[in-house]
Amino acid sequence: MKLSRRCFLSFVIGGAAGTALSPLPWKLTDDIAIWSQNWPWTPVPPDGAYSYTPSTCTLCPGHCAIQVRKVDNRAVKIEGRGEKGPAGGICPLGLSGLQLLYGPTRIQAPLQRVGDRGAGHWRTLTWAQAIDAVVTKLAEIRAKGTPQALAAIAPTDQGTVAQLLQRLLTAYGSPNFLRMPSADDSAEAALRLTTGTDAYTVADLDKTDFILSFGCALMDGYGAPVQTIRAVTRMRERKGTLVQIEPRLSNTAAKADTWLAAQPGSEADLALAMAHVIIGQGRFDARFAMDRIDGFDGFARMVRDKYAPRNVAQTTGIDAETITRTALAFADARRPVALHGRGKGEMPGSLKEALAVQILNALVGNIDQPGGMQIHPAANGYIQWPAVASDAVASAGMGAGRLDEAGGSRFPHVRHLMHRFIERIDQDPDAVQALLVAEANPCHNLPDSDKVKAALGKIPFVVSFSSFMDETAMQSDLILPSHLYLERYEDVPVTRGGAKPTIRLCRPVVAPLYKTQHPGDTILRIAKALPAPVAAAFPWRDYETCLRDTLAHRWSAMDSKGFWIEKPVAAAPVAAAAAVETTNHNGPEEGVPAAADAPAAPAAATAQARRLALLNDDLSAVLMADNATLSDEAGHPLTLVPFDSIRTASGYAGDPPFMVKIVEDTVLKEQDGCVEINPTTAAQAGLREGQGALLSTPVGQARVRIHLSEGIMPGLLALPRGMGHTAYDAYLSGKGVNINQLIGSVQDPASGLDAVWGIRAKLTKA
Amino acid sequence: MSSNDDPKTNGADSDAHLPSPSATTHTIPHILLFFILGMAASMILGWLIFPQLLYSQKNQPIDFNHRLHMELVDQGCQSCHFFREDGTFSGSPKLAQCISCHDQRLGLSENEKIFFEEYVAKDREVPWLVYARQPDCVFFSHAAHVEGARMDCVTCHGNTGTSESLRPYEENRLTGYSRDIWGRKISGLKVNSWDRMKMSDCAKCHAQYADIHDSSEQTRRDACFVCHK
């Protein structure tokens, strides 16, 4: 039988009919529907038991309480946490912390540089090899009798990790421990001058009804970001008043009841003119002045002579009537507070400005009162360790004095001068033979970052403790990667949020993902492998033992609740405070009792210890000094200022991918950074919105795009901090401009602090 | 004489140019035969061969004996498949639960040996293949059904609790999901309530209860978002 066309067609039709009567088409249709709704390449997180681990975020100095939601052992979400329950908030950086934990930027094991610095060629070491490499180098430097040639940079000097690093240097014989600059530097110096104590201040924003903010980015990451935003919002709901002094219309200025666009750099004069008004019109707190203020009359005479509102109207750009009206509103408020710290408070600013703001708070008597400025003793009071037994080498090294001269006869009021340290390395390449950088990124975050990078290039041996391949890690010889904050225990004093002196506990949420190590253990392992006098200063088996011993009776409460509030005690006078420091490193073992162990000081004694001087010889020198000014550069008619945003991480950790996505296109357009400029100024330079331009300063230059904004003072240019990374990963590097490549340090004549707030600049068409 | 009178052009074949010598053999039964052949072939393909091609078979890592365990535990299925404190369902037991009894080797069976040496000793989770796992686009709450609606495990999972051996897991090669969702029968027909767990099977039950099928304000029909979040 031969198959004809007709038979074939019949067969096909029969086949089609049979197929329709079989499940094949219907089942396949169903499967394709399921398949197309659940693409096999779409990752589906595995299911498991849900749990929450309370901890503390250490990605910025706010140190907010967090809780991390986990599914089995995988962290899936970070949420804010209130002290009394889960009703906290969280900022974009805190929220994106999981991308730092699980992202591809992590350094997964100790690395040693094998090519040129910055080339990014590494070989992996075991921890034993890495520690041995550091110890060999450090032993060699000490054997030469120059222990002071070892230096260390840390993001803070608070908490046991930073103190272990400082103790390592002290036992080794080097006074060159530096913390990254911040507004804390000038605030602490102001307190030393006015109260004679080592202390810190924090504003009780939850109860205040008038905030006079000298450029603080209250809505963009100042203090503890979420807490600050909530406090300001609630204060305004209570009909409180926010006055923002800032040359551009920031988010904070936009929320303010009054926005005073003062000339940048003139804020100290503005504050002193307000003091003039408050004293002149008798609106100061007379009882507070009588009970707690020294040198009031002298100060009153000084401001009367030099800081009349009409005298500063020209330099500040604010007319005398506005200054008077604002000062009186501030003085007449029930619980007013004046805040200092430009932006997020990441640069010290001038000491004169910090002092002037503190004096404003003293004049209205709102110090140590609800809603006012709280003065607390130095936050490290709970760290009471056995004294360091120094040998001859260590004593000689410690006696050599700090390279930055902070705390010496030239700059007696300050403790850390990072820009002077960098300058010193630049001038004397042999001054530092080894540098330990513990979770800080000076090569990106310090002004004139190219100069910082060049200075680090002159140091023969640079060790980074970074968890990320940041700009500083790229310039190092050895990377000893640390556990991330979600993988470790750490005590975290809270000095920027909450009115009470609080210590929070950061605790491991997940087991370490890679071959990283707790920085405390790294320091202990290095110390224990060094010769006897150094090793003997570290009696703890490991960091966790050290932490539990240090926290002592606080441990169990902190482990269960996550925080501990220190009892209020009088701040120790500077001389005694210095003794505490000495006790930490050199003094007798049972030197000074732990702050919380000491009985609460009687109120009178507390007040006595917290008397405030408004004028004495030291204060007079600072208050009468000229403002730190920018040098005039020919051909640079404009002024570039940095600004801070809650959408850009400007600290040690860079923006995770989530945060890069939320940066506005008026700040980052594709890969280009946008410079904010007033339309009038732009028109004079013939520049239009979105146009490319070359931004030049005496320090550097960069290609930018123009963004016109009516909200910025004519003649000014503004760029955000935290952009323009060259390291990390493809998500972050090459995006925008690092403003620190364009600005340099400006030394405050009164204190030596880096008072930079901007730089002269010019814009040309690209 | 016209060409129409040509006898060669007459007959069943209407093709004027290519007369077929076998035209007389193409009777209607003949054509029907081919129709039936085609139909039979495609139905054999669709009903018998297609399921064989569509599903791959995998054996469970351990041949677990439910009946044996059920005799030893106090709380039935929930002894191992329990609700956590927060109301979520634990699903297949984790190693930690197994170890509460199997912290040492119990018995000499081959399965116990595999379980102890490969998983307990190495602290590895057993990669159980879950017969009843719904596609990821489906939100299913055990708590709502077992604790809320007081349904019995057997209604959906059958008599698994009395089985002595685990049958091979059949995976749909296209979707990657278990055969149990569509059901053992390729026709999609079912005898028991647990034979199949497609959307229509869920919807059938949901439609019977007013309090769970009227939550769609938009359509006033069975609410899609009860299961598709």
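Biologist: Which residue of chain A meets B:Lys198 in a salt bridge?
Modeller: This is a predicted model, in which local features need pLDDT of at least 70 and side-chain atom pairs count only at pLDDT 80 or more, while totals for chains, interfaces and linings use all residues. Side-chain values use heavy atoms, without hydrogens and water, residues are numbered from 1 along each chain as its sequence is written, and chains are lettered from A and ligands numbered from 1 in the order in which they are written. With a salt bridge taken as a side-chain nitrogen of Lys or Arg within 4 Å of a carboxyl oxygen of Asp or Glu, the partner of B:Lys198, at 2.6 Å from N to O, is A:Asp30.

Biologist: Which residue of chain B forms a salt bridge with A:Asp72?
Modeller: The closest N and O atoms of this pair are 2.6 Å apart, and the residue that A:Asp72 reaches is B:Lys94. A:Asp72 sits in the loop between strand 2 (65-71) and strand 3 (74-80) of chain A, and its partner in the loop between helix 2 (66-72) and helix 3 (95-99) of chain B, so two chains are joined by the pair. Those elements are DSSP runs numbered from the N terminus (helices H or I, at least four residues; strands E, at least two), and the residue asked for is B:Lys94.

Biologist: How much area do chain B and chain A bury between them?
Modeller: Contact, meaning heavy atoms within 4.5 Å, takes 32 residues from chain B and 32 residues from chain A, and two salt bridges are counted between the chains. Buried area is the accessible area (1.4 Å probe) lost when two parts are put together, summed over both. Carbon and sulfur atoms carry 71% of it here, and the total is about 2,900 Å².

Biologist: Why does the second largest cavity lie between two domains, and which are they?
Modeller: A cavity is a set of points on a 1 Å grid over the protein atoms alone where a 1.4 Å probe fits but cannot get out, and its lining residues have an atom within 4 Å of a point. The second largest cavity is lined by 35 residues, with A:Thr201, A:Val202, A:Ala203, A:Tyr222 and A:Thr495 nearest its centre, and helix 7 of chain A gives the largest share, six residues. Because two domains of chain A, whose bounds come from an automatic or database assignment, both give residues to the lining, the cavity lies between domain 3 (111-184 + 380-605) and domain 4 (199-377).

Biologist: Which three residues supply 37% of the area that domain 3 of chain A buries against domain 4 of chain A?
Modeller: The C-alpha centres of these domains lie 34 Å apart, and zero salt bridges are counted between them. Together domain 3 and domain 4 of chain A bury about 1,300 Å², 64% of it on carbon and sulfur atoms. On the domain 3 side, the three residues that supply more than any other three are A:Ala183, A:Arg496 and A:Ala499.

Terms used:
1 Å grid on protein atoms, 1.4 Å probe; cavity = no way out; pocket = protein on both sides within 12 Å on 5 of 7 lines; lining within 4 Å.
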